[in-house]
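The following paragraphs guide the reader through a protein model, beginning with its interior and proceeding to its charged pairs and overall organisation. The reader is invited to keep the sequence and the structure in view throughout.

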Amino acid sequence: MGDMTRTEAGTGTGRRVSEARERLLRTAGQLFYAEGIHTVGVDRLVAESKVTNATFYRHFRSKEDLAVAYIGSVDQAIRAQIDTLMAADTPTDGILRGIGASLVEQIRSPGYRGCAFLNAAAEFPAPDHPVHRAVVQHREWFLQTVTGLFAEITDESADHAGRHFVMLRDGAMSAGYLGNPVLAGETLLRGIEGLLRIHTARRLDEPAAPTPDQAPPNVTPVPDIECSPPGA
């Protein structure tokens, strides 16, 4: 009875979802995040999921296959959070602030152990490993999503702002685990506010498009607030 299936609720697709697979993935998510992927063996996953070895291997070819599915489930949860913010007709800067607030909530939550993606990448450093590739794919999507949001404010240096946001996120998630989570969260939110202030100022300072006979106006950069790296 451990691998009975049910129809996935709310999708209207009639797709069958294995309850045993869901239990395995849920158990793996808890154990992999809390203790590390390499530390947790298949026997323990099977025992705590209350399935058989045969059921495990019917759904996952190996523990690493399950680890890829675990990373995918975290990725999908984050995508769903951001989709919810976007669907709420929230202003673009509000979406970016909402992402920051969600990160702060996670950093301050009981049992927080750092970024699941960075942790997994550290355990699987080989760039061609499926777990590492899954981490990189998530990070590429997150960077593209955040950069796209900054581009909605202004295209000017949106790529730099996106990378800056991701670095703020990475730093806060590491600092929240290794140091004071309250201070890490506060620093993250202040950093996002500063980044938004600088990026919005770029939009306000954008000159009107020059006519064919008109040269672009000279622009004097404001010192000490540029997000782009030197020489960019």
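In this predicted model, the largest nonpolar core comprises 54 residues, and the members that touch the most other members are Phe32, Phe150 and Phe165. Two or more residues of this core come from each of α1 (19-35), α2 (42-49), α4 (63-87), α5 (92-107), α6 (116-123), α7 (130-153), α8 (158-178) and α9. The greatest contribution is that of α7, which supplies nine residues. In soluble globular proteins, nonpolar side chains tend to be buried together.

Phe32 offers a convenient point of entry to this core. When neighbours within four places in sequence are set aside, Phe32 is in contact with Ile37, Val40, Leu45, Lys63, Leu66, Ala67 and Tyr70.

A second point of reference is Ala184, which is placed in helix α9, spanning residues 181-205. Is Ala184 buried or exposed? Ala184 counts as buried, because its relative accessibility is 8% and the limit for burial is under 20%. Beyond the residues up to four places away in sequence, Ala184 touches Ala172, Ala175 and Gly176. The C-alpha atoms of Ala184 and Arg108 are 9.1 Å apart in space, while the two residues are 76 residues apart in sequence.

Attention may now turn to the charged side chains. The whole structure contains eight salt bridges. One of them joins the side chains of Glu193 and Arg97, with an N to O distance of 2.4 Å. This pair links distant parts of the chain, since Glu193 belongs to helix α9 and Arg97 to helix α5, 96 residues apart. Glu193 is partly exposed, with a relative accessible area of 34%, and Arg97 likewise counts as partly exposed, at 32% relative accessibility.

Another salt bridge is formed by the side chains of Asp170 and Arg139, at 2.7 Å from N to O. Asp170 lies in helix α8 and Arg139 in helix α7, so this pair ties together parts that are 31 residues apart in sequence. How do the two partners stand with respect to burial, buried or partly exposed? Asp170 counts as buried, at 15% relative accessibility, whereas Arg139 counts as partly exposed, at 27%.

Salt bridges with shared partners also join Glu35, Arg44 and Glu48 into one network. Within this network, the side chains of Glu35 and Arg44 meet at 2.6 Å, N to O. Glu35 counts as partly exposed because its relative accessibility is 31%, and the value of 33% places Arg44 in the partly exposed class as well.

It remains to consider the chain as a whole. The protein chain has nine helices and two strands. Along the sequence, these elements follow the pattern β-β-α-α-α-α-α-α-α-α-α. Of the 232 residues in the protein chain, 37% are buried. Among contacts with a separation of 6 or more, 64% are made by residues 24 or more positions apart. The accessible surface of the protein chain comes to about 13300 Å², and 55% of that surface belongs to carbon and sulfur atoms.

Methods: Residues numbered from 1 in each chain as written. Predicted model: local features only at pLDDT ≥ 70, side-chain atom pairs only at ≥ 80, totals over all residues. Heavy atoms only, no water. Helix = DSSP H or I, 4+ residues; strand = E, 2+ residues; numbered from the N terminus. Buried < 20%, exposed > 50% of the residue type's maximum accessible area, 1.4 Å probe, protein only. Contact = heavy atoms within 4.5 Å. Core = buried A, V, L, I, M, F, W, Y, C linked by side-chain atoms within 4.5 Å. Salt bridge = Lys/Arg side-chain N within 4 Å of Asp/Glu carboxyl O. Areas by Shrake-Rupley, 256 points an atom, 1.4 Å probe, with all protein chains shown as cover.
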